Amino acid sequence: MGFLDDLKRQAAALNGQSSVDAAALARNTALVEAACKTTLHYFMELAPQLNVLQLKPRVRFSLDSRTPLDGLARGGFTVDSRQQRLRDQQVFDHVVMHGMQVSGQTMTMTKDFPPEIERLESRLRQAGISPSVDTVRDPENNRLQHVKFKFLADIIVAVKLVPDHDNGRVRFQMSNLDAIESVSAEFPAHAVTTGLLDELARWLTGEPHQFLKQGENVKRVEA
């Protein structure tokens, strides 16, 4: 075999590998798009039911060790999706359903230690609460005396699907279902079925569920 024949063999091998890679990417993309469509259609049917039911899961949210919030009604759910360009085609960028957990309480909380202030600010951000803030300082030395936060104690709740088209996977991101925290879990795209989404719906309604047990790389981040 001459040198040119050897180059032809190497080029043919690379072309074959490129064809296999392109086919795998196309297959993974198709699986992820199917998962996104399934999730979007499920959310669009689920949201109106939750808005009618206005369920109050037995969940206690804690803004600090002394300020629990119980019996919040979940409602106001809306569904949205966005698309992006990927390899000259339109694909899903994300699918999201979000609503509110309503307490109806206007609260005032005062903190005078920087670590407590930062922790409360973090929790309020995660909860989707924008407080009015009054910072009081000593007029003589400008030292911080306290910070007063006033806000409506309604907490956002959200579920977002983020696709990974190249690898045939999706990630679900959940906000404030069991606590003021974010939770994420990954799934192969083919695992996103009505059965899996039923488990997610059970979680949203406060029922026992197996959603996270079916997920991979589960992460919880508390505010």
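The following paragraphs lead through a predicted model, beginning with a sheet, passing to a pocket and ending with two residues of a helix.

The sheet is open and consists of 3 strands, which follow one another in the order E5-E7-E6 with antiparallel pairing. Strand E5, residues 106-111, and strand E6, residues 132-137, occupy the edges; each has a single partner strand, and therefore one side of each is left without a neighbour in the sheet. On average, neighbouring strands of this sheet are turned by 15 degrees against each other, if direction is ignored.

The pairing of E6 with E7 may be examined in more detail. Strand E7 covers residues 144-152, and 6 bridges join it to E6 in an antiparallel arrangement. One of the residues to look for is Val136, whose bridge partner in E7 is His146. The sheet also has a helix against it: H2 lies across E5 and E7, and its direction is at about 15 degrees to that of E7.

Helix H2 leads to the next feature, the largest pocket. Which elements each supply at least two residues of its lining? They are strand E1, residues 61-64, and helix H2, residues 114-127. The largest share, 5 residues, comes from H2. The volume of this pocket is about 150 Å³. Where empty space is left can be shown by rolling a probe the size of a water molecule over the atoms.

The reader may locate the pocket through the residues that line it: Leu63, Asp64, Ser65, Arg66, Lys111, Pro115, Glu116, Arg119, Leu120 and Arg123. Sorted by class, this lining contains 6 charged residues, 3 nonpolar residues and 1 polar residue.

The final stop is helix H1, which spans residues 3-53 and contains Thr29. Is Thr29 buried or exposed? Its relative accessibility is 3%, and because buried means under 20%, Thr29 counts as buried. Apart from residues up to four places away in sequence, Thr29 touches Arg87, Gln89, Val91 and His165.

Leu25 is likewise found in helix H1. With a relative accessibility of 26%, Leu25 counts as partly exposed, since this class lies between the limits of 20% and 50%. If neighbours within four places in sequence are left aside, Leu25 is in contact with Arg87, His165 and Asp166. Leu25 and Arg87 are 62 residues apart along the chain, and their C-alpha atoms are separated by 9.9 Å. Arg87 and His165 thus appear among the contacts of Thr29 and also among those of Leu25.

Notes:
Residues numbered from 1 in each chain as written. Predicted model: local features only at pLDDT ≥ 70, side-chain atom pairs only at ≥ 80, totals over all residues. Heavy atoms only, no water. 1 Å grid on protein atoms, 1.4 Å probe; cavity = no way out; pocket = protein on both sides within 12 Å on 5 of 7 lines; lining within 4 Å. Points joined across faces, edges and corners; volume = space filled by probe spheres on them. Helix = DSSP H or I, 4+ residues; strand = E, 2+ residues; numbered from the N terminus. Nonpolar A, V, L, I, M, F, W, Y, C, P; charged D, E, K, R; others polar. Pairing = 2+ DSSP bridges. Axes fitted to C-alpha atoms, helices over the stretch in contact; angles between N-to-C directions. Contact = heavy atoms within 4.5 Å. Buried < 20%, exposed > 50% of the residue type's maximum accessible area, 1.4 Å probe, protein only.
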